[in-house]
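User: Please take a close look at how the inside of this one is packed. Start from a single spot and work outward, all in one go.

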Amino acid sequence: MKNSLNTIIDVKLTDITQLPVDAIVNAANKSLLGGGGVDGAIHAAAGKQLLRECRALDGCETGEAKITSGYLLPARYVIHTVGPVWRGGNHGEAELLASCYRNSLALAAEYAVKSIAFPAISCGVYGYPAGQAVRIAVDTVLAALPQYQFEQVIFVCFNETLLELYRQRHCQSARPINA
Ligand code: ADP
């Protein structure tokens, strides 16, 4: 479904490395040298050239984003962003997580990306409470979209619990999301 901004917003239960979109977002760590979770899956699927390009980036601060080629992935680009580690909620986590989404979209727009897929940043080993993280993800992306011309934004879930949370947020959101 298209929203009033002509951007399709989808929620999908899938492996983000399989998506044929212009850019997928990686929930990376500050080193940008790979790790577990979605980061490990992206590096494994993209091949060793991704690590080579990441080495030259000199890391990334929490809340910021850097872009590389997608190499063997169906996606043309990978946007690496570093989510906050959950430390109880009083350490700027919410603003840092929102920055991940905002900075990823801004970088994508610079590279003329039309379709972009986000994983649930910080919802794995970084321990962010999923309900709060989903609210920030949906609200931040919806608030940012009017300044861009994306055709499609996909929120990728790796389990049913997250899918249900995105659906709930969709019900509360001003704009409908396909799920
Ligand atoms: P973080 O360190 O930011 O918490 P993780 O990779 O541990 O990042 O987890 C972020 C989210 O990505 C979790 O919800 C996890 O289930 C999900 N995830 C892990 N692998 C994939 C994948 N291949 N595709 C999409 N999402 C994934």
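Analyst: Let's say two residues touch, or are in contact, when they have heavy atoms within 4.5 Å of each other. Before we dig in: this is a predicted model, so local features need pLDDT of at least 70 and side-chain atom pairs count only at pLDDT 80 or more, while totals for chains, interfaces and linings use all residues. Numbering runs from 1 along each chain as its sequence is written, and side-chain values use heavy atoms, with hydrogens and water left out.

Our starting spot is F150. Leaving aside residues up to four places away in sequence, F150 touches N6, T7, L105, A108, A109, V113, K114, I116 and L145. F150 also sits in the largest nonpolar core (buried Ala, Val, Leu, Ile, Met, Phe, Trp, Tyr and Cys joined through side-chain atoms within 4.5 Å; buried is under 20% relative accessible area, exposed over 50%, partly exposed in between, with a 1.4 Å probe and protein chains only). That core has 37 residues, and Y101, I116, F118, F150, F155 and Y166 are the ones touching the most other members. Among the elements giving it two or more residues are strand 1 (8–13), helix 3 (93–110), strand 5 (115–118) and helix 5 (160–172); these are DSSP runs numbered from the N terminus, helices being H or I of at least four residues and strands E of at least two. Helix 4 makes the largest contribution, 8 residues. Apart from this core there's another one, of 18 residues, including L32, C54, V82 and V156.

Staying with helix 4, A130 is found there. A130 counts as partly exposed because its relative accessibility is 26%. Beyond residues up to four places away in sequence, A130 touches C123, L162 and L165. The C-alpha atoms of A130 and L162 are 7.0 Å apart, though 32 residues separate them along the chain.

Now over to helix 1 (residues 37–46), where D39, I42, H43 and A46 are buried. They end up on the same side of helix 1 because they span an arc of only 95 degrees around the axis, taken from the directions from the axis to the C-beta atoms. The opposite face, turned away from that buried side, carries the exposed residues G37 and A44. Strand 2, helix 2 (48–55) and strand 4 are among what covers the buried residues of helix 1. Right after helix 1 comes G47, with a positive phi near 95 degrees.
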